[in-house]
Amino acid sequence: MPSNRVEDRLRPITPQLAWRVAVLGGIAFVLFGIVFFRLWYLQVLTGDTARVAASQNGRRTERIEAPRGDIVDRHANQLVRTKKAAVVQLVPSSLPERVLEDADNYRKALGEAESQRLAYERQYEALSRQLKDDGRKSTKAEERERRRLRKLGSTARKVPIPPIPTDEPGLTTLYRRISETIDIRPKTIHERVIRSIADTPYSNVTVRTDVPLAQFNYMRERPEYFKGVVVTKRYIREYPEGKLAAQLFGTVSEIGTEQMKLRRYKDVAQGTRIGQTGLEYSYDEYLRGRDGYTRLVVDAHGSRDDERKVSVVEPKQGQRLRLTIDMDLQRTGEQALAQAIQNSEYETRAGAFVAMDPRNGEVLAMGSAPSFDANWFAKPFTQQRYEYLTSNETDAPLLNRATESAYPSASTFKPVTALAALEEGLITPSRKINDPGHWEYGGREYQNAKEAVFGSINVGEALKVSSDIFFFKLGAQANDKGPIIQKWAERLGYGRKTGIDLPNEAAGLVPDSKWRNEAYAEYERCVEKNGLELRTTAALFECGGIERTWTGGDNVNLAVGQGDLQATPLQVAVAYAAFANGGTIVRPHLGKAVENANGVPLQEFRPKAKRKVKIPSRDRQVILEGLRSAAQGEGGTSADVWQGWPMDEFPVYGKTGTAERQPNPDQAWYACFVKDKGRPIVVVVTVEKGGFGAATAAPAARMMLSEWFDVSDREFHAGTSVTR
Amino acid sequence: MSAPIQPASDPPPSLGPREWRLRLDPLLLLATLGLVACSLIAIRGATADDWDGDPLYYVKRQAVYIGVGFVLMYGLSRLDYSRLRELRYPIYGLLIFGNLFVLAIAPETRGTRAWLELPGFNLQYSEIGKMLLAVALAGFLVERMREMGRQTTARVMLLGLLPTMIVLAQSDLGSATVYVVGTLAILFVAGAPWRHFAGLAALFAVAVAFVLVAAPRLGVEVLKPYQVERLTSFMHPSENANDAGYQQEQARIAIGSGEKTGRGVDGATQTKLDFLPEHHTDFIYAVIGETYGFAGCALVLSLYALLIWRALHILTIAKNLFGALIAGCIAMMLLYQLFVNIGMNVGIMPITGVTAPLLSFGGSSMLSTFLALGLLHSINAQARDTASSKGRTAIFQ
């Protein structure tokens, strides 16, 4: 059997072979050892972390967006609601790197342009203040400079949107496809892409909302044709009343990266849309609702299987916000304001009104002109639209002048001065002061409007006819006793925020010697630091317009609501509410209650009054009598406005105001209230460049009261009083 | 392929009942049966959802390969492998021209040209080539044993590198490295001096530098970019969450999550949800790790250890040098494959597409391994026959 060939012959295993086999065995042993210990490490020592990783793998949570709650007026009329709309979005990460860079550069350029604008705005304000302080007529050159700064400060330099990159064929094709499908120009798509990424870099770019169903389905079924495009149904806001109260509601958009860090949003997930401004912001926690979730397990290819759905948490719609606003009164107020603006002897667009319940601060109506269609908020903004809404050239329709703009409130401030004078013992109710029509004080000549002469009058009569000289003299007297007018003004709520449930409220300003002297010291320091000379134009632009210290003249101006006094229409309403209710400083509010979708109240908002100011009833009666006779008495400043008004039924207490706003035309004011048992109301109207208060503001207030008390005469009754 | 070596004129020796007992090495058989059983169980768990309508599709196919493999192994074990020495030229020819043929006509599938499309079965010829290489090289070396000089080493090396290059041209990097390992193993067992290996190591370093650095600069693409990525990605697994790095990370998670006793077939989410790529082929070991934990992994590892030990043992008792060289070559090829495969599963070796012998799903690898086992059994049987007739006992019994 064994072969005879040499290599088949048996040979004893050589020591060399034995040695080499041992080496191979050793190698095998080492390799097995390595694997064994690696397994030990992976599975026994660190297995638990791997198991956690494995269980995270494929677990995915998908958010189900909750619709925001509706906003209704006090009678449950819908003002803001939510509807589901087809939305076309682009995912930023799917766009070329180039576009993201362009967007980033665009954002930086915008920031620069805006800080430039702010600088011009500051210079403009400084120059205006200086011209006012000087009290002289400005020169032509100064006027020209002022106009130039106003223009530069009103709108930021336009930053062009970077063009669509030409060397990105994929992008161009995608834009073309979207453009052809949903009828929107590629340039517009690109503009939205750039603006949105500049704004919120990680959020999807909304290209169009409210896409028709046919196009929606077409895009949905062709994901490979529309790469990077998300077509979904989302909730968008809808404003059935359009322009009505447009400034109050505010905008809703995805939470920003910086906002995520705020305590206020600690439970809000990325991508959630939150209220950014207005009531949407203030009542966001109620309106927002709670998003739902589907937790599911997907496999490595991302495909889901409904059998593997782990859990579903249904979304919860936000609560319904009921406002204190009365929709009919609101509408009438806006119409009345529009009519007042139209009736002004000057070219104007801007004004504001507030109507409030003096007992509890419920805001019954609040409006600002110019206005805009709130439905713009539901769509992606274009550059032009944004500029239109915010530019000074268009009088910034987005601005809610009732709370965000502070002006000198002119003669509507006189009751405050009167109260201070009575309480601090400057005068008694019957004390007469001579008003010869003009008066010299501190080297300056003061006079009544249109050189009226009222003779010897007491405080009630002075309020009725709105004598300036009477109050000028009180202002001068008060200055010797310190900041007593200021004290009472601040007690009544001037100079600080009313605390209304809207963001961006202006605090206004009650000027006193301390404020002005400190501001001047600051100005001096600034001038010195910059090596400039005092009271030069360069110093003015660098350090602001407070170029002198406090004088008695400042207090004289304050006494008639002029000079540095700054008050919002809402602050005036709060002060007049205090006269009406006997001294309670209410906290104005627009939110009345939150309720579930069926109108069942969940929580009512009754913010506590801020404080109660003690006003002796004798002095209050004197002031009320002054306000009553101003509106009702023969020769009262607004008496002719109220001709034909049922005074016996609804006695009106009202004060006109005409604010000098050099070099602009006068601003009209009217503040009034009716102390009705069932439906008391305080109304404040102001019209920028509206002329005399009786001519524009008071008739608008009357139209609102007619609506409120259902008086049949709804005409606009322009008054003829030419007092301030 | 077994056709040319059917010795029609030389029937197998007649077998008595006593000799029959010795034909197959029982421990080697045990390791083989254990591993194929593990393979079937693991594939069954991993692929239950992979083939619509037939959860056992892959299990059945694998069972068929195993069955055919056993028949081949048994047939081969009953032949005297020594006869193959005379056929070394035709065998080497089969190796070279077979692989060239495949390279010429194979369609490109998944970046490689290594698969020959046969009806009902795709053959990866380079797998079969491993055994052809072992037999042919062993044959050549035995001829030159008396002058084990530099020339012999160089010549054998070149003989081994030629098919390696062809297989590399097929983009079958895994098999190419197995060829190299087999060649080196044969030289080592044959007693090539240590300094030759040192020289080869130096040459290898130069070649690697050329392939990875110099050639791409010159615009010559020896390795495809994805192959380079695979080879280098294991060094920084979490950096590249895609592709190679991703696969290795998922395999590590799968194995680790099995912990001591595994998550069971239903709980093995890495496998079930396809996070583990290639779960019935390259990453079958990770499936076992996830499903049966450290216990399962250690069992498979022990079976492999048994397999390698038996192969080395058979090497020591081989009745002639030819047998010893083949056995050594096979032992090292198997060791290399199982280490590289398991190593890539546990994240210590790059992804090279080397399959786990007897474990991974796949007919070519299975047939090749069973051919190797058949050769080992044959060497074993011949050694025992000779020993019993000559009265010699092996040293490392």
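Within the predicted model, F353(A) has V685(A) of β23(A) as its bridge partner. This pair belongs to a longer match: strand β11 (residues 351–356) of chain A and strand β23 (residues 681–687) of chain A run antiparallel to one another, joined over 6 bridges. A helix packs on the sheet here, namely α23 (residues 697–709) of chain A, which touches β11, β12, β21, β22 (664–674) and β23 of chain A. The direction of α23 makes about 145° with that of β23(A).

The sheet itself is open and is formed by 5 strands of chain A, in the order β12-β11-β23-β22-β21, with antiparallel pairing. Its edges are β12 (363–369) and β21 (652–661) of chain A, each of which pairs on one side only. On average, neighbouring strands of the sheet are turned by 5° against each other, direction ignored.

For orientation along the sequence, the unreviewed UniProt entry places the feature "domain: Penicillin-binding protein transpeptidase" at residues 351–703 of chain A. Over residues 351–703, chain A is 33% helix and 19% strand, and the end C-alpha atoms lie 15 Å apart.

Elsewhere in chain A, R74(A) sits in the loop between β2 (71–72) and β3 (78–90). R74(A) counts as buried because its relative accessible area, 19%, falls under the 20% cut-off. Leaving aside residues up to four places away in sequence, R74(A) touches R322(A), L323(A), T324(A), I325(A), D326(A), E362(A), L364(A) and K592(A).

Turning to chain B, helix α6 (residues 150–169) has 20 residues, which at 1.5 Å a residue should span 28 Å; the end C-alpha atoms are 28 Å apart, so the two values agree. The buried residues of α6(B) are T152(B), T153(B), V156(B), M157(B), G160(B), P163(B), T164(B), I166(B) and V167(B). An α-helix has 3.6 residues a turn, so residues three or four places apart point the same way. The buried residues of α6(B) pack against four helices of chain B: α4 (88–105), α5 (125–143), α7 (173–190) and α8 (194–218). After α6(B) comes S171(B), with a positive phi near 65°.

The largest nonpolar core holds 127 residues, and those touching the most other members are L39(A), L187(B), Y285(B), Y304(B), I326(B), L359(B) and L375(B). Apart from this core lies another, of 98 residues, including V416(A), V459(A), F471(A) and L565(A). As for L187(B), its contacts are R20(A), L141(B), M148(B), T153(B), V156(B), M157(B), A192(B), F197(B) and L200(B), not counting residues up to four places away in sequence.

Key
Residues numbered from 1 in each chain as written. Chains lettered and ligands numbered in written order. Predicted model: local features only at pLDDT ≥ 70, side-chain atom pairs only at ≥ 80, totals over all residues. Heavy atoms only, no water. UniProt positions renumbered as here; feature names shortened; annotations may be inferred. Helix = DSSP H or I, 4+ residues; strand = E, 2+ residues; numbered from the N terminus. Expected span 1.5 Å × (residues − 1). Buried < 20%, exposed > 50% of the residue type's maximum accessible area, 1.4 Å probe, protein only. Contact = heavy atoms within 4.5 Å. Core = buried A, V, L, I, M, F, W, Y, C linked by side-chain atoms within 4.5 Å. Pairing = 2+ DSSP bridges. Axes fitted to C-alpha atoms, helices over the stretch in contact; angles between N-to-C directions.
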